[in-house]
Amino acid sequence: MLIHKKGISMKKMIFISILATCAFAGNFEDGLKAYGSSNFKEALAKFEAGCLVNDVKSCVKVGAIYQLGKTALPNPSKALEYYNKACEAGEVEGCSAAGGLYLNTEPQKAKELFNKACDKNDGYSCEMVGSILIEAKEFKKAYEFLVKGCELGDKMSCEFAGDLRRSKQL
């Protein structure tokens, strides 16, 4: 028995969902191919199309293209727009990248974004929170983040945690 909602059967809804999934997977893969071939305008178009249908990895790639200025001059505000969209949708890489862009202008915002990515087990972001806390002379809290980053495989976190331990600041 099929469930009907406004004249669309459950089978049709599933089929449409599968098509949409394939379409944005295709945009992302096509974008990667174009990017690998240094065709940045095509890559941008593919990734933007993917981002429009909420493929958050595509949003991160769009942000990177704008940040690096692959199709024009670097555009950090446009990059942030896409990184933040990815971050809000739960993409760790978007949070980390946005944090990096905020680091020099809004350190508290950067810390929040790195913390969000660290909470999702991104070792690099744990290192960044630890570094921000070291600068603020919050050594014990920094050490906790650095140990977590180290446990997640971030080598710099391990080095910084060791440095803190040896510094007797804890």
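Q: How many disulfides does the structure hold?
A: A disulfide here is a pair of cysteine sulfur atoms within 2.5 Å. This is a predicted model, where local features need pLDDT of at least 70, side-chain atom pairs count only at pLDDT 80 or more, and totals for chains, interfaces and linings use all residues. Residues are numbered from 1 along each chain as its sequence is written, and side-chain values use heavy atoms, with hydrogens and water left out. On that footing, the number of disulfides in the structure is four.

Q: What pattern do the disulfides of the chain follow?
A: Start with the chemistry: a disulfide is a covalent bond between the sulfur atoms of two cysteines. Count the bonded cysteines along the chain, and the pattern reads 1-2, 3-4, 5-6, 7-8.

Q: Which handedness does the disulfide of Cys 51 and Cys 59 have?
A: Cys 51 and Cys 59 are joined with an S to S distance of 2.0 Å. The torsion about their S-S bond is about 95°, so this disulfide is right-handed.

Q: Are Cys 118 and Cys 126 buried or exposed?
A: These two cysteines form a disulfide, with sulfur atoms 2.0 Å apart, and 95° about the S-S bond makes the link right-handed. For burial, the cut-offs are under 20% relative accessible area for buried, over 50% for exposed, and partly exposed in between (1.4 Å probe, protein chains only). By that yardstick, Cys 118 and Cys 126 are both buried.

Q: What is the relative accessible area of Cys 158?
A: Cys 158 pairs with Cys 150 in a disulfide, S to S 2.0 Å. Its partner Cys 150 is partly exposed, at 30%. Cys 158 is partly exposed too, because its relative accessible area is 30%.

Q: In what order do the elements of the chain run from the N terminus on?
A: Helices (H or I, at least four residues) and strands (E, at least two) are DSSP runs, numbered from the N terminus. The chain comes to nine helices and two strands. Written out from the N terminus, that gives β-β-α-α-α-α-α-α-α-α-α.

Q: What share of the contacts with a separation of 6 or more comes from residues 24 or more positions apart?
A: Contact means heavy atoms within 4.5 Å. Among contacts in the chain with a separation of 6 or more, the share from residues 24 or more positions apart is 38%.

Q: How much of the exposed area of the chain do carbon and sulfur atoms supply?
A: Of the 170 residues, 35% count as buried. The chain exposes about 10,200 Å², and the part supplied by carbon and sulfur atoms is 57%.

Notes: Areas by Shrake-Rupley, 256 points an atom, 1.4 Å probe, with all protein chains shown as cover.
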